[in-house]
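Please examine the sequence and the model shown below. The paragraphs that follow treat selected helices, their packing and two loop positions.

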Amino acid sequence: MTIRLPGSGGALRTYEPRTEPLAVTPGTPFTSRTVFSAAHVVADPLADVSPDSPAAVDWDDTLAFRRHLWSHGLGVAEAMDTAQRGMGLDWECAAELIRRSAAEAKSVGGRIACGVGTDQIASGSLAEVRAAYEEQLAVVEESGAQAILMASRALAAAASGPEDYLEVYGHLLRQSAEPVVLHWLGPMFDPALEGYWGSSGLDAATDTFLEVIAAHPDKVDGIKVSLLDARREIDIRRRLPKGVRCYTGDDFNYPELIAGDEQGFSHALLGIFDPLGPLAAQAVRVLDTGNVQGFRDLLDPTVGLSRHLFQTPTRFYKTGVVFLAWLAGHQSHFTMVGGLQSSRSLPHFATAYELADGLGLFPDPKLAEERMKTLLSVYGVNQ
């Protein structure tokens with residue numbers, strides 16, 4: 001069987017899908033790395049909503065996907081940008097997602113950490129930004145989940161310099177009940193975060209980021225760095241206080257960063273581990289045995305798919321993630337919160353399908369092929 005796929009120039013090419021998926025099975029807990037997958041949300045396709053409406057979530061399928069990740073030993077990073085925070089998922093719905101997912105994690109023994117931001121306000125003073133953070137931190141802590149302090153658009157707009165970041169984050173860390181994960185999300189993921197930590201220069205911003213951590217090392221479990229800059233992450237990793245972990249958020253260079261070097265390694269908190277979950281879990285279990293080359297042999301071939309999904313404009317990577325979840329059979333439709341399924345082109349989807357199929361990511365390759373053909377027919381590409 002073959003399928004005709006459109007290329008970037010519009011011409012059709014013939015592709016022969018594989019017939020068998022990659023053989024992966026759930027296994028023992030990880031021992032060498034802590035690994036989170038940032039998880040997407042499944043929209044309710046039957047809800048009568050517009051892109052400006054409050055989010056309509058299919059809770060059953062959303063929670064089922066988290067159980068899928070937990071079954072492979074991965075932790076779930078909940079209500080992060082992969083779940084369309086700030087791109088369709090409003091705070092009221094995010095709070096409900098946090099409560100439901102935390103309860104589900106408790107019932108199955110899964111690990112969960114949840115995003116704390118300020119997206120219930122569009123803008124405000126520093127005091128209002130701090131109060132918004134506090135409201136969300138309380139929701140996460142009351143749910144029993146670990147908190148991830150996310151970068152805030154409102155803080156980026158309100159802060160006049162590094163001292164404002166030091167004050168706001170210092171206040172939050174002093175009152176947090178348990179150690180948190182600090183998240184530095186670069187402007188390639190969200191343009192509104194340009195100049196975060198009080199400087200457009202990354203060297204100065206890095207110094208401020210590390211100053212926050214150094215002042216409260218007992219309240220920081222780790223950091224998630226999403227700058228798509230492997231050298232900078234390694235530099236930050238080497239400068240962290242003892243006991244503070246680095247969770248890579250680099251969806252371009254994750255194999256080398258997780259593998260590490262003679263001076264250390266990164267743990268992981270990655271959006272790409274949503275579609276790669278079972279394969280990523282298998283790779284980490286190989287790494288647990290000390291087989292670094294075996295780990296790289298499994299994970300290095302996935303980088304091409306990740307770089308494709310996260311290509312500019314990077315913030316629309318969520319569309320590719322949900323598209324692959326549909327092809328893989330984790331949900332019955334390709335509908336996204338806020339109508340975001342329209343944010344990538346048909347050639348982009350075609351390449352994503354081909355790369356994912358080549359990796360054996362689809363549990364049922366025939367189903368994935370049929371669904372890809374269905375999408376192609378909607379666009380007028382007949383087979």
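Which residues of helix 1 are buried? In this predicted model, the buried residues of helix 1 are Trp 59, Thr 62, Leu 63, Phe 65, Arg 66, His 68, Leu 69 and Trp 70. They pack against strand 3 (35-38), strand 4, helix 2, strand 5 and helix 9 (277-288). The helix itself comprises 13 residues, which at 1.5 Å a residue should span 18 Å; its end C-alpha atoms are 18 Å apart, so the two values agree.

Helix 2 is one of the elements against which these buried residues pack. Helix 1 occupies residues 59-71 and helix 2 residues 91-108, and the two pack at an angle of about 45° with their axes 10 Å apart. The pair is therefore oblique. The crossing of helix 1 past helix 2 is right-handed. On the side of helix 1, the contact is made by Trp 59, Thr 62, Leu 63, Arg 66, Arg 67 and Trp 70; helix 2 contributes Cys 93, Glu 96, Leu 97, Arg 100, Ser 101, Glu 104, Ala 105 and Val 108. By residue class, this contact divides into 7 nonpolar, 2 polar and 5 charged residues.

Turning to helix 2 itself, its 18 residues reach 25 Å from the first C-alpha to the last, close to the 26 Å expected at 1.5 Å a residue. Its buried residues are Trp 91, Cys 93, Ala 94, Ala 95, Leu 97, Ile 98, Ser 101, Ala 102, Glu 104 and Ala 105. What covers them includes helix 1, strand 4 (75-78), strand 5 (112-116) and helix 3 (126-143). After helix 2 comes Gly 109, with a positive phi near 75°.

The loop between helix 1 and strand 4 contains Gly 73. Because its relative accessibility is 33%, Gly 73 counts as partly exposed. Leaving aside residues up to four places away in sequence, Gly 73 touches Phe 30 and Arg 285. Between Gly 73 and Leu 149, 76 residues apart in sequence, the C-alpha to C-alpha distance is 23 Å.

A second helix pair is formed by helix 12 and helix 14. Helix 14 covers residues 365-378, and its axis comes within 8 Å of that of helix 12, with a crossing at roughly 125°. That angle makes helix 12 oblique to helix 14. Phe 323, Trp 326 and Leu 327 of helix 12 make the contact with Leu 367, Ala 368, Arg 371, Met 372 and Leu 375 of helix 14. Here the division is 7 nonpolar, no polar and 1 charged.

Where does Ser 332 lie? Ser 332 is placed in the loop between helix 12 (317-327) and helix 13 (346-359). Its relative accessibility is 56%, and it therefore counts as exposed. When residues up to four places away in sequence are not counted, Ser 332 touches Asp 61, Trp 326 and Arg 371. Trp 326 and Arg 371 also take part in the contact of helix 12 with helix 14, while Asp 61 falls within the residue range of helix 1, 59-71. Ser 332 and Pro 45 are 287 residues apart along the chain, yet their C-alpha atoms are separated by 9.3 Å.

Terms used:
Residues are numbered from 1 along each chain as its sequence is written. This is a predicted model: local features need pLDDT of at least 70, side-chain atom pairs count only at pLDDT 80 or more; totals for chains, interfaces and linings use all residues. Side-chain values use heavy atoms; hydrogens and water are left out. Axes are lines fitted to C-alpha atoms, for helices over the stretch in contact, and angles run from 0 to 180 degrees between N-to-C directions. Helices (H or I, at least four residues) and strands (E, at least two) are DSSP runs, numbered from the N terminus. Angles under 35 degrees count as roughly parallel, over 145 as roughly antiparallel, 65 to 115 as roughly perpendicular and the rest as oblique. A crossing is left-handed if the near helix is turned anticlockwise from the far one by less than a right angle, and right-handed if clockwise. Contact means heavy atoms within 4.5 Å. Ala, Val, Leu, Ile, Met, Phe, Trp, Tyr, Cys and Pro count as nonpolar, Asp, Glu, Lys and Arg as charged, and the others, Gly among them, as polar. Buried means under 20% relative accessible area, exposed over 50%, partly exposed in between (1.4 Å probe, protein chains only). The expected span of a helix is 1.5 Å times one less than its number of residues.
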